[in-house]
Amino acid sequence: MQRYYRFTSRELKRLTAITLSPIYTQFSETLTGLTTIRASRAVARFEEENARRLELNQRCLYIGNTAVQWLDIRLQMIGVAVVTSIAIIAVIEHGLKRGNPGSFLLATAWYDSV
């Protein structure tokens, strides 16, 4: 799971950077040639191009955030499984009159801090 997430996250960050660079370039060039753009009445074309580039960049960011949420849900499910296992073992040990309740509390508290 970790390798899959790392590879995906790295690629999504790369795509985000690749799609962000043209936005900065166009913005800089637009500011430089603003009088020419207005004189040739091409403002709408530049606005549409900027919106298209922003949309592409926002898609990459959205997918990146989705990948982070995917990992978060998976890690939370693993945590729930570990805490549930500790609780079940504690109940079984208590029923058999063998377990030390303090050790189970310590295990749960240790896992909670991790």
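**Exercise 1. Characterise the packing of helix α1 against helix α3.**

Solution. Start with the elements: α1 covers residues 2–32 and α3 covers residues 43–95. Helices are DSSP runs of H or I with at least four residues, strands are E runs of at least two, and both are numbered from the N terminus.

Next, take the axes. Those of α1 and α3 come within 9 Å and cross at roughly 160°. Axes here are lines fitted to C-alpha atoms, for helices over the stretch in contact, and angles run from 0 to 180 degrees between N-to-C directions.

Now classify the angle. Under 35 degrees counts as roughly parallel, over 145 as roughly antiparallel, 65 to 115 as roughly perpendicular, and the rest as oblique. The pair α1 and α3 is therefore roughly antiparallel.

Then assign the hand: the α1 and α3 crossing is left-handed. That label applies if the near helix is turned anticlockwise from the far one by less than a right angle; clockwise gives right-handed.

Last, sort the contact residues of α1 with α3. They divide into 17 nonpolar, seven polar and two charged. Ala, Val, Leu, Ile, Met, Phe, Trp, Tyr, Cys and Pro count as nonpolar, Asp, Glu, Lys and Arg as charged, and the others, Gly among them, as polar.

**A note on the model.** This is a predicted model, in which local features need pLDDT of at least 70 and side-chain atom pairs count only at pLDDT 80 or more, while totals for chains, interfaces and linings use all residues. Residues are numbered from 1 along each chain as its sequence is written, and side-chain values use heavy atoms, with hydrogens and water left out.

**Exercise 2. Describe the overall shape of the protein from its radius of gyration.**

Solution. Count the elements: four helices and zero strands. Their order from the N terminus is α-α-α-α. The radius of gyration is 26 Å, well over the 13 Å that the globule rule gives for 114 residues, so the protein is more spread out than a compact globule. This radius is taken over C-alpha atoms, and the rule is 2.2 Å times the number of residues to the power 0.38.

Check the box along the principal axes. The C-alpha atoms fill roughly 90 × 20 × 15 Å. Then check burial: 18% of the 114 residues are buried. Buried means under 20% relative accessible area, exposed over 50%, and partly exposed in between (1.4 Å probe, protein chains only).

Finish with contacts (heavy atoms within 4.5 Å). Take those between residues at least 6 apart in sequence; 70% of them join residues at least 24 apart.

**Exercise 3. Decide whether threonine 16 and glutamate 93 are buried or exposed, and list what each touches.**

Solution. Threonine 16 first. Its helix is α1. Threonine 16 has 14% relative accessibility, so it counts as buried. Leaving out residues up to four places away in sequence, threonine 16 touches Asn57, Cys60 and Leu61.

Glutamate 93 next. It sits in helix α3. With a relative accessible area of 16%, glutamate 93 is buried. Under the exclusion of residues up to four places away in sequence, glutamate 93 touches Arg98, Gly99 and Phe104.

**Exercise 4. Set sequence separation beside C-alpha distance for phenylalanine 27, leucine 105, arginine 45 and serine 103.**

Solution. Phenylalanine 27 belongs to helix α1. At 54% relative accessibility, it is exposed. Phenylalanine 27 and phenylalanine 46 are 19 residues apart in sequence and 9.6 Å apart in space.

Leucine 105 is part of helix α4. It is exposed, at 62%. Leucine 105 and alanine 87 are separated by 18 residues in sequence and 9.2 Å in space.

Arginine 45 falls in helix α3. Its relative accessible area is 55%, hence exposed. From arginine 45 to serine 28 there are 17 residues in sequence and 16 Å in space.

Serine 103 is in helix α4, residues 101–113. At 37% it is partly exposed. Serine 103 and glutamine 26 are 77 residues apart in sequence and 62 Å apart in space.

**Exercise 5. Find what is notable about the phi of arginine 41.**

Solution. Read the torsion: phi is positive, about 55°, although arginine 41 is not a glycine. Locate the residue: arginine 41 lies in the loop between α2 (34–39) and α3. Check the surface: at 77% relative accessibility, arginine 41 is exposed.
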